[in-house]
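Please open the structure in your viewer and keep the selection panel at hand. The tour below moves from one selection to the next and says what is to be found at each stop.

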Amino acid sequence: MREAAVVSTPNPLQRIPGVAIVLVLLVALFSVIAPGFLSVANLSNVLVQSTILTMLALPMTLIIMTEGLDLSMGAVLTLTSLCVAIVSLATKSMLLGLGAGLLVGAAFGVANGWLVAILGIPPFVATLGTLGMAQGLSLIVSDGQSVVGIPHSVRDIYSATLLGIPVPIVMALVTYAAFHGLLYHTRFGTYIFALGGNREALRYAGLSPNKLLIAVYAIGGAMAGIAGLLMTARMNSGHPTAGLGLEFDAIAAVAVGGTSFERGNGWLLGTLLGVLSVGVLRNGLNLISLPSSVQVASVGVLVIVALFLDGLRSRA
Amino acid sequence: MTDITKETIMPPRSFLSQDAIQVFYRLLAALLICAVLAVLSDSFLSLGNILNVLRQASLTFFIASGLTLVVLTAGLDLSVGANVALSACIAGTVIHKTGSPALGILTGLACGGVVGLLNGVMVTALRIPSFIATYGMLWVLNGLTYWYMAGETLHGFPAGFRQIGSGYLFGLPIPVYLLLVFLGIGTFFAQRTIWGQEIYAIGANPVAARLSGIPVARRLLLVYTVSGIMAGLASIIFLSRLNSAEADIGESLTLPAIAAVLIGGTSLFGGVGTVFGTFIGALILTLVLNGMNLLSVSANWQPLVTGIIVILAVWLDMKTRRRAQ
């Protein structure tokens, strides 16, 4: 009995088909119907535009693995993006701006984790409440206006390159490597699997599931802070509605990527492919001149289909 | 020792039911807020402001009453606000094209109902957790509405139609009468019909409900459809009150509706709560937001305050439930 596996081992081979097929189908579809889709410029554009989503979808994967959810991520990203803009405008320092964004994001993450773990409020309602709070704070600190005139040091992050690779992509790759290492090669990662799969086992092992849960949500908030820097750099301003709804794309990427909402199973590479699927879908629909409203609706359909398939798999 | 055992087995007899006591506390809270606002602001007690509060509360109540039934089954409908927006835009178009308010009202209700039914199908047949299914629906509806409206605003409806949202009868706004009607229907349905009682049973223990022969899937389809139809009704009131329709009117409606349900004492875990409680919840929320308005707090603060209220309400609910156990 003592050797019963705490970790429900993900089986990548079983999962690769689902999300990879979705991605290949989407790429094939848009190569045919969207002129210019397969150009190098456009593809690298898809990659750069997917970086902010990657920063949200990776921590969202961890949160969903704990049978949680973070609906506040988009609103917190909006708030941290505004913090980056306001602080870097006032101090002329990109690092201080990033620090402010990280601090505010992590604070919201800790608050989410505290509400979920200590008070026991269901995650979707707790984070819906903090969504309202972050959205309200965004409106209050910006007074509903855009924050413009931010220093070049912030803006340049989005356009700079490192060894010929755009910096946002480098940041996303580093983030992926960090999350991969964290989830699969540290004890903390094993505990995350246990948080979703077998919380009791953690308690018997003398660990505090509550503290671990707060840490997972805090990581989500901090990542929203880093993504906030990219968002401000990309828009060259802070805007009080910039990131609203982005949590939905993140949830979509996680769902399409094969992470289960009910069984504590997660697969980071799947999430990465899910991010690319959402990115390709939006980019392709954009190229065939469908308005962003249709893109939003089609991501919604993508999520519902992915969850339906997930439900089928869990019953199979 | 014996006393404690006795109490745990047989709770003290009380004249009022547990539900009635909960509602009573909430009425007290509402009165307290009124007293505070009456002291802080001269204009709070004016007839115009009180009627305004009632009218605002009725709009929140229409959405929240259908949502109450969903939450009673331990589900959630996050798509109500987006449903209001789509229904309003479609109903508005029908009225413009045909010139018939009756046809527009029917279309609005039907549109809301179909969306609700789809939510129900996702939850029952596809077995997707309700909060994520209706969250997906939220974005599908948002996308459809923005695409359909393409940045346009529908404006100007027949005077008769506008009476529904902005007219008066014997000195009271017409939405207040509608509120009383639907409060009566909702309370009767939930407390006095077998279907209503079955909904409570499903929320309290879905497995026991299924084993005792309640058609769980059909009742769930019913509550999600009713929630959709009530969103459709709210869309009609909005349309006639604002005299215009835009794609973004639903964005600030979902959180207040959920807040009203939770303040009203309906438990997120299902099986506990009343439609009347939701009415008091809508009233309390409206009083708070109205008070902020009277004290010239910027409207930018409203989402922050509503978010805090949602979390406080759930926390209080869980605390009282833990104590009851």
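Two residues are taken to be in contact if their C-beta atoms, placed from the backbone, lie within 7 Å. With that criterion in mind, select helices α3 and α8 of chain A in this predicted model, where A:Thr51, A:Thr54, A:Met55, A:Leu58 and A:Leu62 of α3(A) meet A:Pro168, A:Ile169, A:Met171, A:Ala172, A:Thr175, A:Tyr176, A:Phe179 and A:Leu183 of α8(A). Sorted by class, this contact has ten nonpolar and three polar residues, and no charged ones.

**The pair α3(A) and α8(A)**

Now show the two helices as cartoons, residues 51-65 for α3(A) and residues 167-185 for α8(A), and look along their axes, which come within 9 Å and cross at roughly 10 degrees. Because angles under 35 degrees count as roughly parallel, α3(A) is described as roughly parallel to α8(A).

Stay on helix α8 of chain A and pick A:Phe179, which lies in it. Is A:Phe179 buried or exposed? It has 23 C-beta neighbours inside 10 Å and therefore counts as buried, since the cut-off for a buried residue is 20 or more. Leaving out residues up to four places away in sequence, A:Phe179 touches A:Leu58 and A:Leu268. If you draw a distance from the C-alpha atom of A:Phe179 to that of A:Leu62, the separation is 9.2 Å, although the two positions lie 117 residues apart along the chain.

**Chain A as a whole**

Zoom out until chain A fills the window, and colour it by secondary structure: 14 helices and two strands should appear. Its C-alpha atoms occupy a box of roughly 60 × 45 × 35 Å along the principal axes. For 316 residues a compact globule would have a radius of gyration near 20 Å, and the 19 Å of chain A therefore agrees with that expectation. Of the 316 residues in chain A, 55% are buried. If you consider the contacts between residues at least 6 apart in sequence, 80% of those in chain A join residues at least 24 apart.

**Two loops with positive phi**

Next, select A:Lys92, in the loop between α4 (73-91) and α5 (94-117) of chain A. Its phi is near 60 degrees, a positive value in a residue other than glycine. A:Lys92 has 14 other C-beta atoms within 10 Å and so is classed as partly exposed.

From there, go to A:Ser289, which sits in the loop between α13 (268-287) and α14 (292-315) of chain A. This residue, too, is not a glycine, and it has a positive phi of about 55 degrees. How many other C-beta atoms lie within 10 Å of A:Ser289? There are 8, and A:Ser289 is therefore exposed.

**The contact between the chains**

Display both chains and select the residues where they touch: 34 residues come from chain B and 35 residues from chain A. On the side of chain B, the elements that give two or more residues are α6 (130-149), α12 (254-263) and α14 (302-324). Which of the elements of chain B gives the most to this side? It is α6(B), with twelve residues. When the side of chain B that touches chain A is coloured by class, 26 residues are nonpolar, seven are polar and one is charged.

**The pair α5(B) and α6(B)**

Keep α6(B) selected and add helix α5 of chain B, residues 101-124; the two pack at an angle of about 140 degrees, with their axes 9 Å apart. The helices α5(B) and α6(B) are therefore oblique to each other, and α5(B) passes α6(B) in a right-handed crossing. To see the residues that make the contact, show B:Val115, B:Leu118, B:Asn119, B:Met122 and B:Val123 of α5(B) together with B:Ser130, B:Ala133, B:Thr134, B:Met137 and B:Leu141 of α6(B). By class, the contact of α5(B) with α6(B) consists of seven nonpolar and three polar residues, with no charged ones.

**A last stop in chain B**

Finally, select B:Leu69, in helix α3 of chain B, which spans residues 47-72. With 32 other C-beta atoms within 10 Å, B:Leu69 is buried. Apart from neighbours within four places in sequence, B:Leu69 is in contact with B:Ile199, B:Val223, B:Val226 and B:Ser227. From B:Leu69 to B:Gln22, which is 47 residues apart from it in sequence, the C-alpha to C-alpha distance is 18 Å.

Terms used. Residues numbered from 1 in each chain as written. Chains lettered and ligands numbered in written order. Predicted model: local features only at pLDDT ≥ 70, side-chain atom pairs only at ≥ 80, totals over all residues. Helix = DSSP H or I, 4+ residues; strand = E, 2+ residues; numbered from the N terminus. Rg over C-alpha atoms; globule rule 2.2 N^0.38 Å. Buried ≥ 20, exposed ≤ 12 C-beta atoms within 10 Å, placed from the backbone. Nonpolar A, V, L, I, M, F, W, Y, C, P; charged D, E, K, R; others polar. Axes fitted to C-alpha atoms, helices over the stretch in contact; angles between N-to-C directions. Parallel < 35°, antiparallel > 145°, perpendicular 65-115°, else oblique. Left-handed = near helix turned anticlockwise from the far one by under 90°.
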